[in-house]
Amino acid sequence: NLEELSGLPPGAVSHFQDEGIESLYPPQAEAVEAGATDGDSLVAAVPTASGKTMIAALSMLSAIERGGKALYIVPLRALASEKKDEFDAYEEFGVSVGVTTGNYESTDDWLATRDIVVATSEKVDSLVRNGADWLSDLTCVVSDEVHLIDDRNRGPTLEVTLAKLRALNPALQVVALSATVGNAGEIADWLDAELVASDWRPIDLQMGVHYGNAISFDDGSKREVPVDGSESQEDALVRDIVAEDASALVFVNSRRNAEAAARRLANVVAPELADEEKAALDELADDIRDVSDSETSTDLAAAVEKGGAFHHAGLASEHRSLVEDAFRDRLLKVISATPTLAAGVNTPARRVIVRDWRRFDSTAGGMTPLDVLEVHQMMGRAGRPGLDPYGEAVLLAKSHDEQDDLFDRYIWADAEDVRSKLAAEPALRTHVLATIASGFASTRDGLLSFMNETLYASQTNERGRLESVTDTVLDYLERNDFVEREGGTAGGSRSGADADAADDAFTSAADLATEADQDVDLRATNLGHTVSRLYLDPMSAAEIVHGLESAGSRPTAMGLYQLIARTPNMYELYLRSGEDDKYGQLYYELEDELLGDAPSEYEDNRFEDWLAALKTGALLKDWADEMDEDRLTERYSIGPGDLRGKVETAEWLLGAAETLAAEISSDWSVAVREARARVEHGVREELLELVSVRGVGRKRARQLYQAGVESAADLRTVDKGIVLGALRGRKTAENILENAGREDPSMAGVEPIQVDGVEATS
Ligand code: ADP
């Protein structure tokens, strides 16, 4: 019973009761018994939608009531705002909440006054690097979806961040929320935490496989779902459930497939819509078109009019929330989604259909099966407590054998173990530098003992491995002038045969053990500190530094864009078939503009990467040359969300490049700054002044420029009719004049004047 809980801020219990929470779910009660509200650490490994957030909330609120401060770490930016909205309701009983994502160079001191801070793991990592003082006030840290420690790209950051937060405050309460994984106990041991593991779900979940004309469920029951000759299995399954007035979620393996499926599935559900639903969907479609006029927007609106939608990471965030809200309100009947939707966002449906259980894996060069954990998370989205009688999760089989295989592979199977990915060099490169630069280790021994507190160390049996990779990384960092070693470098402190082997340093951990009494001091150089604070992969920084140093004359925007595009911090666009030639050609045209050393054409992979970076650079250049968003997304076959992602990353990397340029006293700071400003606003040089006026975007700036208005100063003095003629829209014109600092911005009685301008540049 909720009222029996003690130690929460007054008002918290009645708040939860108002939310419809009368008593704790069993795993929540177990968490309380394990000490969640007494400041004890715990790992809660329970299925999706079984109320993990409440476990976190009880822990955080009791910590705050004891005078502490809580941090909630989310894996995705999209989840940060969702959680913040949820916790904002606590303001009614005096608990304040702040959210921070992006901008990796600040300490966000304003957060010192917040009781709960919500942030992504990358953001927390950067706060540690920038030395945010308030982090040492934390008494409770929640790590949501902690099983993502297993993720090759992002896992190491979460792992190291948790280790650092614990090092800052050894009494810290860590509450780790996990999907049901194989080795939750191991994670609990690592965190010195109690384990709360449960299979309990608030709503029954039936799992099954559809084959032929029926679904066979895990409890032995069957449900007839016949497939008409011309339709697909998922069409039949969606039609069947929508006829019951429930909704369906279909998981597919790529954005393109999500869009194609939505087109088809929308036609399946359209005949089931009532008139008032159609009217509401028309409005929703208008809202979607209002967000942007891209092709994705148009396609999404077309599906939405018929009651369907697609959902993937290429969607603009406004689109994403419109779709999620309408699905939760049951206005949309079906969503086809890539697995990003399974990772957190709360959008249950009565029937979940996992259509694709394989996806293309570029490292493997072919289709590979999804992890059991991923499929379970998708399946866990089935069923809305209180709304559906049960949830159903269905896989699709094309043969009897495949049906058996799917039962074994996903329905009867347990999720995989979580394995640390920290020992991969790119991860260690970043985290070793950060650990030294932010003062967590000042000697090699100190560094190794910090590393020893990671999950990786607790999982590996190869004692020497962490040590030897750490040393390889130290070597790299020293070579690139990010770190200095004193008290003897690799070879320096050794003698005899060891010294001979020094070139091919750090081969054997046993060698190093003999150095134990001769510890090596480690210090980050100024450049190393800068790189760590900038949150750059040291390899990206080395590439940029080298590129700038090798530029004999002022680098062009294209040269700089290609340079940042080839760093590991920028996801390159892939080359499609036939594009090798196209970009090979472009390479020979632009060779002189590109910075640094191009690989030889005979180095297949490296050369292809170089061209892929050229393609990404060309995208940025087209954007900065004012090409329309629509044309860009078509030319490069990407979604508008991708374009924004690339532009944001480019802004960040060029900002970092400017700081690095100053650090190495490069002559090209101004060129870098200008390239950055152009990519930020998507304009050519001549519009940079105009876009600095609030309310003037790339299109309006071009219109004004064509009418002869070239700067804020012009806006203050030019004939108002010209501004009105260029911008159309009196209110807009007035606002812009006001923002430019014009004394009397009023447009009352002004007649528009058309000035014959030059043709649009793109
Ligand atoms: P998870 O994080 O485990 O996926 P959530 O915390 O999002 O799940 O919870 C899923 C839903 O269950 C939420 O809508 C939440 O309000 C509701 N819920 C959580 N705990 C309870 C409870 N004890 N009683 C009733 N509803 C609850």
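So, at roughly what angle do the axes of helix H24 and helix H25 cross, and within what distance do they come? Before I answer, keep in mind that this is a predicted model.

Okay, the answer. H24 covers residues 579–590 and H25 covers residues 604–624; their axes cross at roughly 75 degrees and come within 9 Å. Angles of 65 to 115 degrees count as roughly perpendicular, so that's what we call H24 and H25 relative to each other.

Who's making the contact? On the H24 side you've got Glu579, Asp580, Tyr583, Gly584, Leu586, Tyr587, Tyr588 and Leu590. H25 answers with Phe607, Glu608, Trp610, Leu611, Leu614, Lys615 and Ala618. Sort the residues of that contact by type and you get 10 nonpolar, four charged and one polar.

Right, on to the sheet. This one is open, with eight strands and mixed pairing, and if you walk across, the order goes S10-S9-S8-S17-S14-S11-S13-S12. At the edges sit S10, residues 222–224, and S12, residues 308–311, each pairing on one side only. On average, neighbouring strands here are turned by 20 degrees against each other, ignoring direction.

Let's zoom in on the S12 edge. S12 and S13, residues 334–337, run parallel and are joined by four bridges. If you want one to look up on screen, Gly308 has Val334 in S13 as its bridge partner.

Last thing: a helix packs on this sheet, namely H14, residues 400–411. H14 touches S8 (205–211), S9 (214–217) and S17 (391–396), and its direction makes about 155 degrees with that of S8.

Terms used. Residues are numbered from 1 along each chain as its sequence is written. This is a predicted model: local features need pLDDT of at least 70, side-chain atom pairs count only at pLDDT 80 or more; totals for chains, interfaces and linings use all residues. Side-chain values use heavy atoms; hydrogens and water are left out. Axes are lines fitted to C-alpha atoms, for helices over the stretch in contact, and angles run from 0 to 180 degrees between N-to-C directions. Helices (H or I, at least four residues) and strands (E, at least two) are DSSP runs, numbered from the N terminus. Angles under 35 degrees count as roughly parallel, over 145 as roughly antiparallel, 65 to 115 as roughly perpendicular and the rest as oblique. Contact means heavy atoms within 4.5 Å. Ala, Val, Leu, Ile, Met, Phe, Trp, Tyr, Cys and Pro count as nonpolar, Asp, Glu, Lys and Arg as charged, and the others, Gly among them, as polar. Two strands pair if DSSP finds at least two bridges between them.
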